[in-house]
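Dear colleague,

I am passing on the structure below, and my notes on what was found in it follow directly after. Please read them with the coordinates open.

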Amino acid sequence: MTSSPKPSTTTTAAAAAPISHPAHKLLSRAHSPDTATRILTDKVRNKPLLLQPTSSADRDKRALRRHIRLRKKEYYLRKRKPRPLGAKEKRDMGVFELHKDEIKYDVYKNLHDMWNAYMLEVLGYTKDGKVVEGRLDKKLTAQSAGGLLASADFHGATLQVVSATDVGKVGIEGIVVRDTKYTFVLVTKKDKVKTIPKRDCVFRYQVELPPPREGPGETADSPDDVQSRLQEKSKSTGQVDDRETENKPKSLTFEVHGNQFEFRPADRASRKFKWKVTDYL
């Protein structure tokens, strides 16, 4: 009499252990328990997972989006206005520093001539480089020309300090090469740079008037020619003819009170000035 083989303990335990996988419940409805367990093991749990790299189409789309983004950024930066330099950046870059080769009085003489022509046009004596007929006979008043003189640009003007709390600055004269909010930077005839504060200082400057119109066929002498001729005649004879004195170029003299002039040129151009008390004088 032969005995039947006994099932192993592991197989019995595996068969007896319930499987709590949701896919096993679905498979057990259509297959036998052994078939459902086999399919779950081979097809679900031990199924290989194939990892593929990103396709070339996706890489091309990403590169295209990056290219479009960079082009938009480049266009925005190109059309954007540059940020103005700050005060510290200007000092570090030396924007306002004058080199030794530039500190020469003769260099700025032409600038003064341009400024004188500019002031004549501002005051209405000339227009498009020609003298306005009948304008030389009219007198200037504070009401008519005060606002124009206060809002004018003084780069190129020849200023002279006539009054100051610091006595050592009185008498300094030079051409304005920089007009800041609180100072005038002058280049003197000795080729030196002087920084004069506006506060508690009075400055004097002159505007040379154009010579009167001559008759047809006659040419008017320039102010420099008349001045040099008068100096030569006074040295040789010791006296000057009255007719020569009449032909001497005339000029207008003005004074600027620094306490009321503490504005930048760009701010003065659009500012309305009012009369103020000058008790500090």
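How many residues does the largest nonpolar core have, and which of them have the most contacts inside it? In this predicted model, the largest nonpolar core has 27 residues, and those with the most contacts inside it are Phe154, Leu159, Phe184, Phe203 and Tyr205. The elements that give two or more residues to this core are helix H6 (109-123) and helix H7 (142-150), together with strand S3 (158-164), strand S5 (183-187), strand S7 (201-208) and strand S8 (251-257). A second core, separate from that one, has 6 residues, including Tyr105, Tyr108, Ile175 and Val187. As background, nonpolar side chains in soluble globular proteins tend to be buried together.

Phe154 deserves a closer look: with its neighbours within four places in sequence left aside, Phe154 is in contact with Trp115, Leu149, Leu159, Val176, Asp179, Phe184, Tyr205, Val256, Phe261 and Arg268.

The aromatic rings come next. The count comes to 7 aromatic pairs. The pair of Trp115 and Tyr205 is edge-to-face, because the ring centres are 5.9 Å apart and the planes stand at 75°, where an angle over 60 degrees counts as edge-to-face. This pair links distant parts of the chain, since Trp115 belongs to helix H6 and Tyr205 to strand S7, 90 residues apart, and both Trp115 and Tyr205 are buried. Phe184 and Phe203 also form an edge-to-face pair, with 5.1 Å from centre to centre and 80° between the planes. Phe184 lies in strand S5 and Phe203 in strand S7, so this pair ties together parts that are 19 residues apart in sequence; Phe184 and Phe203 are both buried. Ring pairs link Trp115, Phe154, Phe184, Phe203, Tyr205, Phe254 and Phe261 into a cluster.

On the surface, Leu85, Met93, Val95 and Phe96 form a nonpolar patch, with about 400 Å² of accessible area together. Leu85 is found in the loop between helix H4 (56-79) and helix H5 (87-93), and counts as partly exposed because its relative accessible area of 39% falls between the 20% and 50% limits.

For the chain as a whole, there are 10 helices and 8 strands, and buried residues make up 21% of the 281 residues. The accessible surface of the protein chain comes to about 21,900 Å², of which 52% belongs to carbon and sulfur atoms. Among contacts between residues at least 6 apart in sequence, 55% join residues at least 24 apart.

With best regards

Notes:
Residues numbered from 1 in each chain as written. Predicted model: local features only at pLDDT ≥ 70, side-chain atom pairs only at ≥ 80, totals over all residues. Heavy atoms only, no water. Patch = residues over 30% accessible without salt bridge, like charges linked within 9 Å, V, L, I, M, F, W, Y side chains within 5 Å. Areas by Shrake-Rupley, 256 points an atom, 1.4 Å probe, with all protein chains shown as cover. Salt bridge = Lys/Arg side-chain N within 4 Å of Asp/Glu carboxyl O. Helix = DSSP H or I, 4+ residues; strand = E, 2+ residues; numbered from the N terminus. Buried < 20%, exposed > 50% of the residue type's maximum accessible area, 1.4 Å probe, protein only. Core = buried A, V, L, I, M, F, W, Y, C linked by side-chain atoms within 4.5 Å. Contact = heavy atoms within 4.5 Å. Phe/Tyr/Trp six-rings, centres within 6.5 Å; stacked < 30°, edge-to-face > 60°.
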